[in-house]
There are 2 protein chains.
Amino acid sequence: MQISPIELLGLVAGFFGTFAAAPQALKIIQTRQARDVSLVTYLFAMTGGVLWGVYGWAVDSLSIVFWNGVSLLMCASIIWLKLRHSGEPG
Amino acid sequence: MQISPIELLGLVAGFFGTFAAAPQALKIIQTRQARDVSLVTYLFAMTGGVLWGVYGWAVDSLSIVFWNGVSLLMCASIIWLKLRHSGEPG
């Protein structure tokens, strides 16, 4: 498969956008605290990811489809961690 | 300006993806707590937003350019709130 420079840029962009969620996931795993993390934020991000995936498929963009698929997994992980480690306020 | 159904889908997708950050910003404003929120996550998201903006301009996608511009503002707001309200651990 041939990847154009533009699609390469899209892959790098997707890397940052998608793996932005990774430090948040690691932070929750390390501190076992997620009280201040917004659940709605990651539910919205998941919804956006699904719709972007359909958009990327429609405009035939490999970058958009691929990274939004990964993004869904990242957001789902944070939602699971958030629900598990929200803990008590304070 | 004519907006195709596909671009309309992109605008809705961008709405969710971009305004995902809003509940996080509101949560920090309301609770004045941001200890558990990852700073690196929003720095990565900003970097991704800049690169996606260039990508969207290159592939001539209104949705991608517009929403990533808004996204930059949202991420910058959360970074500012995070630095202001991180507070003490505990």
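**Exercise 1. In what order do the elements of chain A run from the N terminus on?**

Solution. The model is a predicted one, and the elements are read off along the chain. Starting at the N terminus, the elements of chain A follow the order α-α-α-α. This agrees with the count of elements, which gives four helices and zero strands for chain A.

**Exercise 2. Describe the extent, burial and surface of chain A.**

Solution. Begin with the C-alpha trace, which spans about 50 × 20 × 15 Å along the principal axes of chain A. Next take burial, for which a residue must have under 20% relative accessible area; of the 90 residues in chain A, 44% are buried. Then turn to the contacts between residues at least 6 apart in sequence, of which 76% join residues at least 24 apart. Chain A exposes about 4,800 Å², with carbon and sulfur atoms supplying 70% of that area. Finally, consider the charges: chain A carries 5 positive and 4 negative ones, and the mean positions of the two groups are 17 Å apart.

**Exercise 3. Work out how chain A and chain B are related, and through which surface the copies meet.**

Solution. The first step is the superposition: chain A is brought onto chain B by a rotation of 180° with 0.0 Å of shift along the axis, at an RMSD of 0.0 Å. This is the relation of a two-fold axis. The second step compares the interface residues, and because 100% of those in chain A are also interface residues in chain B, the copies meet through the same surface.

**Exercise 4. Is Asp36(A) buried or exposed, and which residues does Asp36(A) touch?**

Solution. Locate the residue first: Asp36(A) sits in the loop between H2 and helix H3 (39–58) of chain A. Its relative accessible area is 3%, and since the cut-off for burial is under 20%, Asp36(A) counts as buried. Leaving aside residues up to four places away in sequence, Asp36(A) touches Gln24(B), Lys27(B), Gln33(B), Ala34(B), Arg35(B), Asp36(B) and Val37(B). The list thus includes Asp36(B), the residue with that number in chain B.

**Exercise 5. State the confidence that the predictor attaches to chain A and to the complex.**

Solution. Take the chain average first: the mean pLDDT of chain A is 88, and 94% of the residues score at least 70. Going on to the elements, confidence in chain A is lowest in helix H1 (residues 5–19), with a mean of 87, and highest in helix H2 (residues 21–31), at 95. For the complex, the predictor gives an ipTM of 0.81 and a pTM of 0.82.

Key:
Residues numbered from 1 in each chain as written. Chains lettered and ligands numbered in written order. Predicted model: local features only at pLDDT ≥ 70, side-chain atom pairs only at ≥ 80, totals over all residues. Heavy atoms only, no water. Helix = DSSP H or I, 4+ residues; strand = E, 2+ residues; numbered from the N terminus. Buried < 20%, exposed > 50% of the residue type's maximum accessible area, 1.4 Å probe, protein only. Contact = heavy atoms within 4.5 Å. Areas by Shrake-Rupley, 256 points an atom, 1.4 Å probe, with all protein chains shown as cover. Lys, Arg positive; Asp, Glu negative; His and termini not counted. Charge placed at Lys NZ, Arg CZ, Asp CG, Glu CD. Least-squares fit on C-alpha atoms with pLDDT ≥ 70 in both. pLDDT = per-residue confidence, 0-100.
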